[in-house]
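I opened the model to look up two things: the ligand site and the metal site. My notes follow.

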Amino acid sequence: MNLLCSEEFLRFFNTMQVETISLDDALNLMPGALTHIASVLHIGKFEVNISFPPSPQEPNGYNALRILYDDPNGHGYISHSRVIRQAEKGRISFAVFPSTDYEFSDDDKGSLDFLIKCIHLIVVRSELSEQLQKRQFTDYMTQLPNNAYFMKFSNDLSLRGTINKYTVIFSNLRNFNYINQQMGSQVGDIVLREYSHKLKKFYGSDELIARFGGDNFVALLKNENVNRYLDYISVISITVASGNQTKTLTVNARSGIYPIPTNGSNIGEAINRANASLAYSKRVSDNDRVWFRDEILERINKDREVVSSFRTALIHKEFLVYYQPKVSLDSRHISGCEALVRWKHDGNMIPPGMFVPILEEEGFICDLDFYVLERVCEDIRNWIGKGITPARVSVNFSKLHLRNENLINDVMDIISKYRINPGYIEIELTESSSATDFAALTDFVNKLKEHGIRTSIDDFGTGYSSLSLIKDLNVDIIKIDKSFVDHIADTQSKDYIILNSILSMVMGLGMDVIAEGCETVEQAKVLYDMNCRMIQGYLFDKPLSHDEYTQKLSDNHIYEIEL
Ligand code: C2E
Ligand code: MG
Ligand code: MG
């Protein structure tokens, strides 16, 4: 019999020619498709045993014994079997039993082998297409669903009309960069995998948590599960091997949260809004959970504008340098000043809090810092030219500069361009969290010192710090953060006590101290009594425009206050 051309085979073959079918679907379809050909070939029972080894997509592997055809009238017991080996120790075994009281002839066996090969191809093809589909929708490293799957899943919910029962939660790990820097990216990868494993345990079959690259995770959860999830991810412990020890790290996440409204089914927009709320949490609120509000979108759109107009603004010299005097409590004279940038944009004066953090996040801040340093050098050169004695100017430098291997040369190039005595310049740096940063910071501070440039640690007391690091760092000045100064008029306050001991330690190490953000005479008095004799704050002056400051400098201004 010519099996290939038989009507029964064609019927079988055409039924199985369904495109991109999953393995289970193919196996489910098979018994129906085989009915006709089974009677022609005297098949009583047709079994297939499939065994695929574990893979990243299928951690338990695939093992199934399936009966593709079973004649209700029973079958004989001498089977015709074939085993076809697969890659990586996989195997597919076939066993075909004849109808009751029938025995397969050699001719039959030839036809059965042909049929077995066809079924084998169908099985392998559907397994492959399933793997490809899984890969397309799975994040390889963590085996969580990826953003493509997130879109597909949520579109399905939209079509079913149930998406408004869900909330999008866009989360980012708070201390992941720190872990990566401190423990290396291999440990970082393990942390991400373990973390994802714990996320997988959280959600049900009609919910989803996907990885959107890096340490970004987006959940689509039913509204009633949102708070439980936020609690769950507020602290997740992960144990990693580190050398021959194990370490338990606690990872916590920040989240932007957007409950999908009844009339809103645009999932892209929902993700955007959750993401904007997350950005808001990082830049503005510092709260780990931020629910979307309309004003968040306004703020984030403004931020985007900052990024897009930055380059042109720099070229058009829209950034202005203001100077805030530092006053010596002994002489009441200006003993120095801090350069603080403002952005004159579309007729508005924008304070640095509105753009410095964004430029920092986007990596543009260093260009702005160099620009400010250059304007400061230019102003110093002009003051000298006019016979006005300049006071030392401190310039804020972002931590991001520490990645620049040519940093000291870049700084010196600007200073020499204006033929400035480097003694007129001070660089303000903030405390640093990571060990690599600390090494780069130490190196930069030492090189600046060699060139006669002073350095200060800004916002002291607010960073990771500190006291132990400070003694290893060759800085000249510690700037006490305003948050300490705020409460010191109350001599019973904790801040008073802490500040007192910080001051005696810092001074004992031979460094100078300046207090920032002093607003009242009472605060100045307390600082004076603590031996902190240099002060910057609204008590004396707010940051002044170039012309106002030049006036005070040339007048040799004396601040009148009674201590
Ligand atoms: P900062 O370097 O700690 O600067 C001190 C800030 O405290 C300034 O805010 C100053 O105006 C404010 N301040 C000083 N005295 C008082 C006071 O008595 N009361 C109050 N309420 N505030 C006081 P500003 O100018 O808004 O700058 C904010 C921050 O922006 C700066 O903090 C600094 O971190 C950053 N920044 C400013 N200019 C630059 C720059 O050129 N480069 C970089 N990287 N950052 C800059
Ligand atoms: Mg500063
Ligand atoms: Mg400060």
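I count a polar contact as a pair of N or O atoms within 3.5 Å; within protein, one must be able to donate a hydrogen and the other to accept it, and residues adjacent in sequence count only if both atoms are side-chain atoms. This is a predicted model, where local features need pLDDT of at least 70, side-chain atom pairs count only at pLDDT 80 or more, and totals for chains, interfaces and linings use all residues. Residues are numbered from 1 along each chain as its sequence is written, chains are lettered from A and ligands numbered from 1 in written order, and side-chain values use heavy atoms, without hydrogens and water.

**Ligand 1.** I looked up its polar contacts. The D369 side chain has an N or O atom 2.6 Å from a nitrogen atom of ligand 1. R342 places a polar side-chain atom 2.9 Å from an oxygen atom of ligand 1. For N396, a side-chain N or O atom sits 3.0 Å from a ligand 1 oxygen atom.

**Magnesium (ligand 3).** Which residues coordinate the magnesium ion (ligand 3)? I found D458 (OD), D459 (OD) and E516 (OE, listed twice), at 1.9 to 2.6 Å. Donors here are N, O and S atoms within 2.8 Å of the metal (3.2 Å for Na, K and Ca); water is not among the atoms, so sites may look incomplete. The donor spacing in sequence reads D-D-x56-E. D458 also bridges to the magnesium ion (ligand 2), and the two ions lie 4.0 Å apart.

**Burial.** I checked D458 and E516: both are buried (under 20% relative accessible area, 1.4 Å probe, protein chains only).

Notes:
Buried < 20%, exposed > 50% of the residue type's maximum accessible area, 1.4 Å probe, protein only.
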